[in-house]
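User: I am new to reading protein structures and would like a close look at one part, the place where chains meet. Please explain each term as you go.

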Amino acid sequence: MPRKTKLADKMQRTLGQAPRSTGELARVPPVTLPVAYPIEALVPQVRLQTPAVGQRATRPDGRLHGLGQTRYIDDLAFPGMLYAKIKRAGIAAARILSIDTSEADAMPGVLAVLTGREIPVNSFGPSLQDQPVLADTQVRHAGDGVAAVAALTEQIAEAAIEKIKVDYEPLPAVFDPLEALREDAPKVHAPAGNVYATKVIRKGDVDAAFARADHVFEGRYATQMVEHVPLEPHAAIAMWDPNGRVTIHSTLGRITLGRSDVSRTLKLPMNRVRIVATIVGGNFGGKNEITQEPVLALLSKKTGRPVKGVFTRGEEFTSTTTRHPFVMDYKTGVTKDGRIIARKVRLVLDGGAYCSWSETTLGKACILSAGPYRIDNLRVEAYVVYTNKTMTGAMRGFGAPQVCFAYESQMDEIAAALHMDPLEIRLLNAFEEGAASPTGQVLHSVVLKASLLKAAERFGWKEPRS
Amino acid sequence: MTDVTAVTMKLNGVTRTASAVPPETTLLALLRNQFNLTGAKLGCDVGDCGACTVIVDGNAVNACLMLAAQADGSDVLTIEGLATLERLHPLQKAFEDNASLQCGFCGPGVILSAKALLDENPDPTQQEIRDALSGNLCRCTGYTKMIEAVQVAARALRAKPDA
Ligand code: FES
Ligand code: FES
């Protein structure tokens, strides 16, 4: 008791908080080492102040971060917990002839082995359910999981997946999105073709406008695959309880969607699935859907123990979603004073092996592909195609950065060809208040021109550059 | 699997011993799994990201690259040992006040790299701070607020070195 009082005094002295009862104090979670922090002090003050802009803001979780006391998924452990590892295919396209897990199963310290055939509904995905949790009949990219083990230690699990023998019949693979478009390309999801979503936007009369244009510019722009690289790898812990419910602690950023995917893949009613999320160590769109959660759940069911899985940094690159590479063809008709009157855009999105958030990305990329510019005559055609590569999915902007690279690059080329100032040509074409997007949405609070002018003034655009 | 050894170290000022450490155990694994000090994070396990940074005998090291046995007899400081019961370390306070961390996963490593710097060089230039943090990747912040925080903490420590 005397110690508690002392602690309270000290916290009060340090943090300038109002005195509190010892009852309140008891709610402060215990810490490993002598560090005291009142959770109450973490309530952000800034929301109470208006206007917020210009105010100094701290983060409510900032102190715990600095103290190293924030608990991420991999910082949690449960009694009797096992460690899971997933065996990755390492081959881009193949038929799975057989999977022999007997040697791994027999290893001391290995408590369970799992293959795709044991997963009740072995497919998931936010729009198309085309991705297996563990590949069972066919491998479509090298990062596909083909089997998993749960063992007493990570080292044993690691050694055990090496002992799993998979017999593959290699299939022809396709890695380039333009090649994947061709009729004779290997089909990633045979017998279906590789194009799995398309979108078209038409506005005005593009052909007539091109005929009227003083200049026509054509260019191809391409962007590469990007991984989110959150500092915290994907991690989850699953616990199947004797009443047939499963609790999964996970780095998932979208737990509601994750819950329905887990319930679907495990064929469990939703009310038997509990997903617990905590602070995520970086998401950026890459933690928006399930990865290993159903695998861990089934391993927990088999062993009656909590099972933890943490992706290696290598798996982050090969087996989690990435940003879509785009191949973008832009044809733009311009009057001699620099006004854009016609634009044709063709986007080919490299969709990787599975759909994931490709449809969302496709839609947003199309709508934004003309840029923030008034273009009365527009045609956009976009395709997303399967390739035998790591699946592409949600990543900040959903396709917006890719098309921005294309239309702004071309804008600079047009300005250079017409001997115009790159700022002037943008101001000439920029959206104004009440402008309509390519799909007819009327835009409000449009401050594009003002922003451009302000930015140009602030970084000295007009000043001579060396 | 193979022979286990005992590892004794001064950990955040307290002598601690792990009695049965398998030889392949990294210092990071020992701290996190054996001593339950989860402040140091596993970001890459190959020395690229700095999320696992701790201070061993005054030097910031990647705990994922150091074997636990190599730390036998050393003085190890982890993020958990930086604050006292009375107060945050000036770096922790500056990181909080400047909202220098977002997801926070890189934070313990960054703060300890900064601490090792300030112990050696109480008045670093911005470039020296950048160099000291160059082994710590942060995916969220863009680093500027971290650098500001290190400058603020350096000033505070110079004004009151024993603070
Ligand atoms: S985990 Fe040690 S440097 Fe990344
Ligand atoms: S704050 Fe998220 S990685 Fe640095």
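Analyst: **Where the chains meet**

Let's begin with one pair: A:Arg63 and B:Glu96 form a salt bridge, with their closest N and O atoms 2.6 Å apart. A salt bridge here means a side-chain nitrogen of Lys or Arg within 4 Å of a carboxyl oxygen of Asp or Glu. Before going on, please keep in mind that this is a predicted model, where local features need pLDDT of at least 70 and side-chain atom pairs count only at pLDDT 80 or more, while totals for chains, interfaces and linings use all residues. Residues are numbered from 1 along each chain as its sequence is written, chains are lettered from A and ligands numbered from 1 in the order in which they are written, and side-chain values use heavy atoms, with hydrogens and water left out.

Now step back to the whole meeting place. Chain A brings 42 residues to the contact and chain B brings 38; contact means heavy atoms within 4.5 Å. The size of an interface is often given as the accessible area lost when the parts come together. Between chain B and chain A, about 3,200 Å² is buried, 57% of it from carbon and sulfur atoms. That buried area is the accessible area (1.4 Å probe) that two parts lose on being put together, summed over both. B:Glu96 appears again here: with B:Leu85 and B:Arg139, it supplies 23% of the area that chain B buries against chain A, more than any other three residues.

How many salt bridges are there between chain B and chain A? The count is four. There are also 15 residue pairs in polar contact between these chains, with both residues at pLDDT 80 or more. A polar contact is a pair of N or O atoms within 3.5 Å; within protein, one must be able to donate a hydrogen and the other to accept it, and residues adjacent in sequence count only if both atoms are side-chain atoms.

On the side of chain B that touches chain A, α2 (90–97) and α3 (107–120) of chain B each supply at least two residues. The largest share, three residues, comes from α2(B). Helices (H or I, at least four residues) and strands (E, at least two) are DSSP runs, numbered from the N terminus. By residue type, this side of chain B divides into 19 nonpolar, ten polar and nine charged residues. Ala, Val, Leu, Ile, Met, Phe, Trp, Tyr, Cys and Pro count as nonpolar, Asp, Glu, Lys and Arg as charged, and the others, Gly among them, as polar.

Salt bridges can also join up into a network. One such network links A:Asp74, A:Asp75, A:Lys308, B:Arg32 and B:Lys41. Let's follow B:Arg32 into chain B. B:Arg32 is one of the buried residues of helix α1 (residues 27–34) of chain B, alongside B:Leu27, B:Leu28, B:Leu30 and B:Leu31. Buried means under 20% relative accessible area, exposed over 50%, and partly exposed in between (1.4 Å probe, protein chains only). The buried residues of α1(B) pack against β1 (5–11), β2 (14–21) and β3 (53–56) of chain B. Just after this helix, B:Asn36 has a positive phi of about 60°.

Helix α3 of chain B, which we met at the contact, holds a salt bridge of its own. B:Asp119 and B:Lys115 pair up there, their closest N and O atoms 2.8 Å apart. Both lie in α3, four residues apart, about one turn of the helix. An α-helix has 3.6 residues a turn, so residues three or four places apart point the same way. Is each partner buried or exposed? B:Asp119 counts as exposed, at 52% relative accessibility, while B:Lys115 counts as buried, at 16%.

One more stop in chain B is B:Tyr143, in the loop between α4 (126–132) and α5 (144–159). B:Tyr143 has a positive phi of about 75° although it is not a glycine, and it is partly exposed, with a relative accessible area of 29%.
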